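Me: I'm new to this one, so I'd like to ask how each label was earned. Could we go through it together?

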Amino acid sequence: MRISVIGCGYLGATHAAAMAELGFEVLGVDIDQAKLEALAQGSVPFFEPGLEPLLKTHVDAGRLRFSTSLAEAGAFADVHFVCVNTPQRAGSQAADVSYVDAAFGGLAPHLREGAVVVGKSTVPVGTAARLAELVAGLAVDGVDVAWNPEFLREGKAVTDTLHPDRLVFGTPSARVEAVLREVYATPIGAGTPVIVTDLATAELVKVSANAFLATKISYINAMAEVCDAVGADVTVLADAIGLDKRIGRGFLNAGLGFGGGCLPKDIRAFSARAGELGVGSAVALLREVDEINMRQRQRVVDMATAQLGGSLLGRRVAVLGAAFKPETDDVRDSPALNVAAALHLKGAQVTVYDPVAVPTARRMFPTLGYASSWEQAATGADVVLVLTEWAELTTLDPAAVGAVVSARNLVDGRNCLDAARWRAGGWTVAGIGRP
Ligand code: UDX
């Protein structure tokens with residue numbers, strides 16, 4: 001069995017390498033020539049721990065190749081995984097599925113009899129059924145469409161792909177289920193729960209899982225606001241409620257909230273799709289989840305402003321962390337960069353440092369100042385904000401930072417620092433939902 005992977009971003013490049021790791025011959029397809037040239041040399045054009053060595057091993061062994069041609073993919077493979085992105089549509093809350101449509105529509109005329117096209121992209125429910133009709137109209141007989149959502153996290157993409165919590169197969173028939181079981185037979189499938197279902201349920205599993213995770217984060221951030229009002233501690237509260245097995249401690253870290261290419265746009269797209277289906281009120285809570293999340297960014301801006309006595313004009317601000325979370329250089333909808341840009345707009349002189357995300361941040365916000373070390377960013381600063389919990393930043397020494405700043409004001413936007421230690425070092429510390 002040979003495999004093609006259409007779309008070689010975070011999801012597709014990782015999936016292609018993982019499929020090669022399972023022993024399949026794999027062809028990765030993308031429209032971005034520069035990205036493919038890098039991948040073909042075993043180099044990953046974004047930061048994802050562990051991906052490059054895996055990719056390079058299989059490129060060097062000749063098991064993994066890349067191409068821009070959907071016709072080549074159609075002739076080459078028996079199973080095609082579509083991993084293109086579905087960003088938020090400009091001027092709308094809905095998802096832009098044009099890349100998915102182009103992948104399925106472009107591939108269909110080249111498919112061989114018996115081929116299975118498996119969607120992995122996150123799509124509005126109902127998309128798979130529509131694509132199955134599209135493919136049926138363009139392809140030879142005996143071709144099927146399936147949906148196999150992907151739950152990987154950036155920064156942990158390789159581990160999540162090779163050791164998933166569960167596999168979800170949305171399939172139209174027993175034949176397609178058997179094909180997917182063969183793909184995932186070992187080692188991924190060994191001991192991993194497999195849920196076999198229809199196309200719509202498979203699509204919904206993904207969006208509702210992401211909506212639930214987003215809801216957990218906004219719930220704890222709402223509790224943080226209440227904690228702030230009474231001087232209670234949200235981190236202790238999260239530990240205590242998280243010990244209830246029905247609740248669980250995961251995704252209960254209060255702070256700047258969620259960002260990235262998935263959770264924010266997925267909850268908006270889910271709301272938009274539910275509205276189209278006439279059940280918008282069923283997911284009305286997701287609007288509140290989004291609002292609470294966006295409010296965290298303003299709260300952090302307000303905290304920094306308050307520490308400087310109400311005005312940021314001409315003040316020097318060090319923003320430590322730019323990525324939307326640690327272990328990635330992804331700055332899409334990054335809460336950290338959003339806060340940095342808001343402080344800049346209020347007249348502050350902002351310098352941003354991130355262990356890996358400075359180049360991607362600079363491309364998105366070229367007018368901010370950037371530094372190549374925390375020390376350079378913090379030198380002369382009136383306030384320091386830690387906004388992404390990279391290990392390099394959570395282990396900073398209060399005395400070392402204190403030696404270069406002009407005032408010891410700290411905003412811990414991720415509740416990731418030992419506030420008592422910083423206070424003992426003479427710092428004024430503001431956190432989220434902490435006394
Ligand atoms: C998410 C889902 O976890 C993954 O299953 C899906 O496939 C894609 O979307 P990802 O976007 O990579 O993955 O990041 P994730 O680790 O889920 O974090 C999302 C955001 O939530 C980050 O900005 C993170 O900082 C924030 N977060 C997470 C919190 O604010 N608090 C928490 O307790 C956990």
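**How the labels are earned**

Reply: Let's begin with Asn338, which counts as buried because it has 23 C-beta neighbours inside 10 Å. The rule is that a residue with 20 or more other C-beta atoms within 10 Å of its own is buried, one with 12 or fewer is exposed, and anything in between is partly exposed, with C-beta atoms placed from the backbone. Keep in mind that this is a predicted model, where local features need pLDDT of at least 70 and side-chain atom pairs count only at pLDDT 80 or more, while totals for chains, interfaces and linings use all residues. Residue numbers start from 1 along each chain as its sequence is written.

Me: Where is Asn338 placed?

Reply: Asn338 sits in helix H13, residues 335-345. A helix here is a DSSP run of H or I with at least four residues, a strand is a run of E with at least two, and both are numbered from the N terminus. Asn338 is also 9.9 Å from Met294, C-alpha to C-alpha, with their positions 44 residues apart in sequence.

Me: What makes Ala377 buried?

Reply: Ala377 has 25 other C-beta atoms within 10 Å, so it is buried. Its place is helix H15, residues 374-378.

Me: Which residues is Ala377 in contact with, leaving aside its neighbours within four places in sequence?

Reply: They are Ala318, Leu320, Thr351, Val352, Tyr353 and Ala371. Being in contact means that the two C-beta atoms, placed from the backbone, lie within 7 Å. As for Leu320, its C-alpha atom is 7.7 Å from that of Ala377, though the two are 57 residues apart along the chain.

Me: Why is Val358 called partly exposed?

Reply: Val358 has 19 other C-beta atoms within 10 Å, so it is partly exposed. You'll find Val358 in helix H14, residues 358-364. Not counting residues up to four places away in sequence, Val358 touches Ala322 and Tyr370. The C-alpha atoms of Val358 and Val331 are separated by 9.3 Å, and these residues are 27 apart along the chain.

Me: What is the phi of Phe251, and what of Asn415?

Reply: Phe251 has a positive phi of about 60° although it is not a glycine. For Asn415, also not a glycine, phi is positive at about 45°. Phe251 is in the loop between helix H10 (234-242) and helix H11 (263-276), while Asn415 is in the loop between strand S13 (409-412) and helix H18 (419-424).

Me: How do you know whether Asn415 is buried or exposed?

Reply: Count the neighbours: Asn415 has 21 C-beta neighbours inside 10 Å, so it is buried. Phe251 has 16 other C-beta atoms within 10 Å, so that one is partly exposed.

Me: How many residues of the whole protein are buried, as a percentage?

Reply: Buried residues make up 49% of the 435. In secondary structure, the protein has 18 helices and 14 strands.

Me: Why is the protein called as compact as a globular protein of that length?

Reply: Its radius of gyration is 23 Å, close to the 22 Å that the globule rule gives for 435 residues, so the label fits. The radius is taken over C-alpha atoms, and the rule is 2.2 Å times the number of residues to the power 0.38. Along its principal axes, the C-alpha trace spans about 70 × 45 × 40 Å.

Me: How is the protein divided into domains?

Reply: There is domain 1 (2-197), domain 2 (207-291) and domain 3 (296-430). Those bounds come from an automatic or database domain assignment. The centres of domain 1 and domain 3, taken over C-alpha atoms, are 38 Å apart. Their contact takes 5 residues from domain 1 and 7 from domain 3.

Me: How do you know where the ligand lies relative to domain 1 and domain 2?

Reply: Both domains give residues to the shell around the ligand, so the ligand lies between them. That shell has 20 residues, and the closest are Glu154, Asn253, Phe258, Gly260 and Cys262. To be near the ligand, a residue needs its C-beta atom, placed from the backbone, within 6 Å of it. Helix H9 (residues 199-230) gives the most to the shell, with 3 residues.
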